[in-house]
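Reader: I have a structure in front of me and a list of terms I do not trust yet. Could you take me through them?

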Amino acid sequence: MKPFIHSSSIVDKNVTIGSGSKVWHFCHISENAKIGKNVVIGQNVYIGKGVKIGNGCKIQNNVSVYEGVELEEDVFLGPSVVFTNVKIPRAFINQKNNFKKTLVKKGS
């Protein structure tokens, strides 16, 4: 079954979206993201560059999943969750070389 992507959403190049997945209104899926099968991505969700999302995940509205985050299978993210990829964020320090990995385990 082909994935559904709402016409208001933006999907960058080299993105993989598995069969049966749904991407709803106003989402942005960044380049090299990998989204598994039967994933539901709610309205206004941002998926960062290279993010991996396992099969069966449910991501509710207004969630941001930044570079360095990986969701294993069957993970649920409630509305307005935001993952950061810097341990101690500071506006005046460029920390792009210090991004941390975050792994959310199966069934969380």
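Reader: What makes G18 count as buried?

Author: The model is a predicted one, and every value here is computed from it. G18 has a relative accessibility of 13%. Buried means under 20%, so G18 counts as buried. G18 is found in the loop between β3 and β4 (22-23).

Reader: Which residues does G18 touch, apart from those up to four places away in sequence?

Author: G18 touches P3, I35, G36 and K37. Contact means heavy atoms within 4.5 Å. As for S30, it is twelve residues from G18 in sequence and 15 Å away in space, C-alpha to C-alpha.

Reader: Why is F99 called partly exposed?

Author: F99 has a relative accessible area of 33%. Buried means under 20% and exposed means over 50%; 33% lies in between, so F99 is partly exposed. F99 lies in the loop between β14 (82-83) and β15. Leaving out residues up to four places away in sequence, F99 touches E67, N85 and V86. From F99 to K87 there are twelve residues in sequence and 8.0 Å in space, C-alpha to C-alpha.

Reader: Which residues line the largest pocket?

Author: The lining consists of K49, G50, V51, K52, E67, G68, V69, E70, F99 and K101. The volume of this pocket is about 160 Å³.

Reader: How does the lining divide into nonpolar, polar and charged residues?

Author: Three are nonpolar, two are polar and five are charged. Glycine counts as polar, so G50 and G68 are the two polar residues.

Reader: What is noteworthy about the phi of N32?

Author: Most residues other than glycine have a negative phi. N32 is not a glycine, yet its phi is positive, about 65°. N32 is found in the loop between β5 (28-29) and β6. With a relative accessible area of 33%, N32 is partly exposed.

Reader: What is the phi of D74, and where does D74 lie?

Author: The phi of D74 is near 60°, again a positive value in a residue other than glycine. D74 lies in the loop between β12 (69-71) and β13. Its relative accessibility is 42%; this is neither under 20% nor over 50%, so D74 counts as partly exposed.

Reader: How do you know that β3 and β6 pair?

Author: Two strands pair if there are at least two bridges between them. Two bridges join β3 to β6 (residues 34-35), so the condition is met. The two strands run parallel, and T16 stands opposite K34 in β6.

Reader: What makes β3 and β15 edge strands?

Author: They belong to an open sheet of five strands in the order β3-β6-β9-β12-β15, with parallel pairing. β3 (16-17) and β15 (102-104) each have a single partner strand, so one side of each is left without a neighbour in the sheet.

Reader: Which strands form the other open sheet of five?

Author: Its order is β1-β4-β7-β10-β13, and the pairing is parallel. β1 (4-5) and β13 (76-77) are the edge strands, each pairing on one side only. Two bridges link β10 (residues 58-59) with β13 in the parallel sense, and I59 stands opposite L77 in β13.

Reader: Which members of the largest nonpolar core touch the most other members?

Author: They are I41, I47, I53, I59 and L71, out of 23 residues. Setting aside neighbours within four places in sequence, L71 is in contact with K52, I53, G54, C57, I59, L77 and V104.

Conventions: Residues numbered from 1 in each chain as written. Predicted model: local features only at pLDDT ≥ 70, side-chain atom pairs only at ≥ 80, totals over all residues. Heavy atoms only, no water. Helix = DSSP H or I, 4+ residues; strand = E, 2+ residues; numbered from the N terminus. 1 Å grid on protein atoms, 1.4 Å probe; cavity = no way out; pocket = protein on both sides within 12 Å on 5 of 7 lines; lining within 4 Å. Points joined across faces, edges and corners; volume = space filled by probe spheres on them. Core = buried A, V, L, I, M, F, W, Y, C linked by side-chain atoms within 4.5 Å. Buried < 20%, exposed > 50% of the residue type's maximum accessible area, 1.4 Å probe, protein only.
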